[in-house]
Amino acid sequence: MAILAFLLIGEKCLNLTAKDNTMGNMKYKFKNLQTAFGSLVQEISEEGSLVNSRGSKQKELIFQHMEIEDPTDILIGLPSRKFSADYAVTEWLWYLSCRPSVENIGKLAKIWTQIKDEHGQVESNYGNYLKSQWDWVIDNLLSDSDTRRATIVINDPSHKFKNPLDYPCTHYVQFMIRDNKLHMGVNMRSNDAIFGFCNDVFTFCLFQQLLFNELKHRGLSELSLGSYFHHAGSLHLYERHFKMADKILLDVKSGQSPVNRKLKLREDWRWNDIINNNLALPTTDLSKEDILAFVQNTAHFLKVCDEQL
């Protein structure tokens, strides 16, 4: 009886506890990346708690998760965000190269030169980890379509003693086939809502499409593309982005920036095809203009498709 009374008292106390906004009330399921991004910015702006981490202020929600139903609907048309599909594709091609050098990618986004080590390299070229475990994941999915073992580890214990400026934000990814659909889940320790979230979801959804191609080629002809799931320990807005977030929310409320295009990876292209045709981002030193020209001229394995709304 004493234990039961304690539990009842505890339940009453929980019911009287004030709302903890660090968790937020973010909607879970979204049609595409743009609607997920707009909802995320609004939720953090309105419900996020102020924190001060690594010398800067942020608004933050902790332990958030969401589902994006269409991993090909990954373009963002909100004017205030100024999302660059060219850059996002370039970052993906850099991942496909599996090379940690920032010599070229750093010319398009200064963050990479800010976190490089003394050798001009970073830990967060995710392709370096994905490729080394890629075939193992494919084999597991082919041998057992209901497997729960199709995981790829990115952040591992060794990173705690490497480059202190680049402790990978992504911990692991997981693929599952359920109801004959290939789903992908990404688990991150930390995610910047304005730039990191958009580019991470974009590039991981392309990896999801790439694995989909691999499995179809290996005999799973009836497989279809499932949802993308995103989990983050911390989703946050940096103080320097507060004003941009306000402008993004005005764009969202105006409803004048619908995205009616999708980005689809051609189904006959796989990782080795891209490498063998020299379509990953080159490692030779290129100018910014040459990098963008390379991407525009070689990324023909990506199709921009009009969506009938």
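**Exercise 1.** How many residues does helix α3 have, and what distance does α3 reach from its first C-alpha to its last?

*Solution.* The structure is a predicted model. Step 1: helix α3 covers residues 85-97, which gives 13 residues. Step 2: the expected span is 1.5 Å times one less than the number of residues. For α3 the expected value is 18 Å. Step 3: the helix reaches 18 Å from its first C-alpha to its last, close to that expectation.

**Exercise 2.** Determine whether α3 is mostly covered or mostly uncovered.

*Solution.* Step 1: a residue is buried if its relative accessible area is under 20%. Step 2: in α3, 11 of the 13 residues are buried. Among them are Tyr87, Glu91, Trp92, Trp94 and Tyr95. Step 3: helix α3 is therefore mostly covered. Just after the helix, Cys98 takes a positive phi of about 65°.

**Exercise 3.** Identify the residues that touch the most other members of the largest nonpolar core, and the helix that gives the most to this core.

*Solution.* Step 1: the core has 85 residues, and those touching the most other members are Trp92, Trp112, Phe175, Phe197 and Phe207. Step 2: helix α6, residues 196-217, gives the most to this core, with 12 residues. Step 3: beyond its neighbours within four places in sequence, Trp112 is in contact with several residues, including Tyr87, Glu91, Trp94 and Tyr95. These four residues are buried in α3.

**Exercise 4.** State how many disulfides the model contains, and whether Cys198 and Cys205 are buried or exposed.

*Solution.* Step 1: a disulfide requires a pair of cysteine sulfur atoms within 2.5 Å. Step 2: the count comes to 0 disulfides. Step 3: Cys198 has a relative accessible area of 0% and is buried. Cys205 is likewise buried, with a relative accessible area of 0%.

Note on methods:
Residues are numbered from 1 along each chain as its sequence is written. This is a predicted model: local features need pLDDT of at least 70, side-chain atom pairs count only at pLDDT 80 or more; totals for chains, interfaces and linings use all residues. Side-chain values use heavy atoms; hydrogens and water are left out. A nonpolar core is a set of buried Ala, Val, Leu, Ile, Met, Phe, Trp, Tyr and Cys residues joined through side-chain atoms within 4.5 Å. Buried means under 20% relative accessible area, exposed over 50%, partly exposed in between (1.4 Å probe, protein chains only). Helices (H or I, at least four residues) and strands (E, at least two) are DSSP runs, numbered from the N terminus. Contact means heavy atoms within 4.5 Å.
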